[in-house]
Number of protein chains: 2
Amino acid sequence: MRLTAHERRAKIAEQVQERGSVRLTELLDTFRVTDTSIRRDLQILESAGRLQRIHGGAVASGRALTPNSFNAKTRERPAEKERIGAGAAALVRSGESILLDSGTTVLQVASHLPKVVNGSSLTTVVTSSLAVVRELEYWSSLHLILLGGIVLTEFQATVGPQTIANLRRIQVDKAFIGCDGLGVSHGLTTPHMLIAEVGRVMTEVARQVIVVADSSKLGRVGFTPIVPLTGIHTLVTDTNAPPELVQEIRAAGIEVILV
Amino acid sequence: MRLTAHERRAKIAEQVQERGSVRLTELLDTFRVTDTSIRRDLQILESAGRLQRIHGGAVASGRALTPNSFNAKTRERPAEKERIGAGAAALVRSGESILLDSGTTVLQVASHLPKVVNGSSLTTVVTSSLAVVRELEYWSSLHLILLGGIVLTEFQATVGPQTIANLRRIQVDKAFIGCDGLGVSHGLTTPHMLIAEVGRVMTEVARQVIVVADSSKLGRVGFTPIVPLTGIHTLVTDTNAPPELVQEIRAAGIEVILV
DNA sequence: ATGATATAATACAAAACGTAACATTTTTGG
DNA sequence: CCAAAAATGTTACGTTTTGTATTATATCAT
């Protein structure tokens, strides 16, 4: 006796839920239909959110290992990011308090902060980035403050109302902000709304706002806006930036540093 | 029966997480595939941020080359801590919100939380511990919230006024608290004042306060008090606890669970 | 330091698995 | 019963995974 498609799907969903994962070959064996049908079932169950497909079968939803885009992004244009990070870090004066957001370019700022503090003064670093904390935690002369909030693993960042509330209680000399797109008309943009909100409040509590972005970000427009260009003071980017765009940005009153 | 690539990678990631490190030869032996495949797995897992490759195998990311007192403490009485962690984690019900402090025993609670979520409910975990975040960040069905504050590297914890302010805005079902000393007269004690303060506020915002402490902590008095024994409800400790002390604690109205 | 040995990177081919388009069968509702 | 809809099967082609061979690199004992 052959099952209906619906019954078969129900059984598949149940099995995945119970055992955590199923193999396609094994389903093929128990239900005696072609692989195409099973694949379609898995496709349907996946779009219904009941499971996640993997090569060779399926796993219970939430159990799939998701490639962490943060690490991947760190490896994009590493040379430019490092130069930009070093250039931006050179703007920090001894004794200043700074704010670092959760971008991969900002992480390069953290790793290039001048570690030799002349005199006895030290710097306070406030950040929403778990990666920045990992980078700086063993630098003992530093006041390192992590903004709390919801942990976004794929951005290695904390976001949300707690983060905003924490930010509202402080004032810093400089904020280093990353972005996904930067243009005269659209301002700064980023792919995640909660990260955008954190970035925006950061610009509000800093006396100077410094944006770090490699030249591929210039002229690009991302998903959601952080702030208009009027909300920032300085841009550090690489020398591959199109001169006409740089001129436009400078005309808007932004100091542009090319490294 | 042969595993799929995905399952194998999941198991490798899990093993690294649990044990701290793996050797390539050992993976080769357990999975019965060529070294090339294992190397590829490690490469994929590394770029996903789940581990760090080293010559001959891999180590858990974050735990590499950072010999600090936190890691050292993790290695004290590991068997007891693991049993206590598992016993305490079993108290968590599906859908509850819990609070985890920054102790090494509490970290064991985190790693033993029941990962198979039956039904659709999920758990919210709020913590002041960076180690807990590293432990749980890839468990995607979880709401993970990190309390902000000053980063104390040697305790892998956030402390201070921000942390306290963040805590005051929430209410949770259960709080899991670690300590350095526990006694009927002195209550809970710990070596660091700021950590003590965080612990105290945690006991205030939780409906049930569960202390996890191996038997060596019983009867001991640490530097600064967290709360008196009246501030807690349950103690999970190991079976080596002196019976007379256990009886005394029970007489004070505390539920004692021996594992 | 210097081979000897173990471990790692790279390239390429084979096998397993997945996708998409289209043909065929089964089910469903009038 | 019959047409429409749903489900299933077939085929051809693309992708991922795996294994083998080769070359490079790191570690260790002497």
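How many residue pairs are in polar contact across the interface of chain A and chain B? The rule finds 11, with both residues of each pair at pLDDT 80 or more. That threshold matters here, as this is a predicted model.

Staying with the interface: the elements of chain A that give two or more residues to the side touching chain B are β1 (21-23), α7 (130-136), β6 (143-146), β7 (149-152) and α8 (161-168). As for salt bridges, the rule finds one between the two chains. The side chains of A:R23 and B:E7 form a salt bridge, at 3.0 Å from N to O.

Now the extent of the interface. Chain A contributes 37 residues, in contact with 40 residues of chain B. Between them the chains bury about 3100 Å², and 55% of that is on carbon and sulfur atoms. On the chain A side, the residues that lose the most area to chain B are A:R23, A:L65 and A:Y138, which together account for 20% of what that side buries.

Next, the layout of chain A. Domain 1 covers 5-60 and domain 2 covers 70-258. The C-alpha centres of these two domains of chain A are 44 Å apart.

Last, the interior. The largest nonpolar core has 54 residues, and those touching the most other members are A:L100, A:L113, A:L136, A:F176, B:L100, B:L136 and B:F176. Another core, of 39 residues, lies apart from it and includes B:I195, B:V201, B:M202 and B:A213.

Take B:F176 as one example from the largest core. Beyond its neighbours within four places in sequence, B:F176 is in contact with B:A88, B:V92, B:I98, B:L99, B:L100, B:D101, B:V106, B:V109 and B:I210.

Conventions
Residues numbered from 1 in each chain as written. Chains lettered and ligands numbered in written order. Predicted model: local features only at pLDDT ≥ 70, side-chain atom pairs only at ≥ 80, totals over all residues. Heavy atoms only, no water. Core = buried A, V, L, I, M, F, W, Y, C linked by side-chain atoms within 4.5 Å. Buried < 20%, exposed > 50% of the residue type's maximum accessible area, 1.4 Å probe, protein only. Contact = heavy atoms within 4.5 Å. Domains from an automatic or database assignment. Buried area = accessible area lost by both parts, 1.4 Å probe. Salt bridge = Lys/Arg side-chain N within 4 Å of Asp/Glu carboxyl O. Polar contact = N/O pair within 3.5 Å; in protein donor to acceptor, adjacent residues only side chain to side chain. Helix = DSSP H or I, 4+ residues; strand = E, 2+ residues; numbered from the N terminus.
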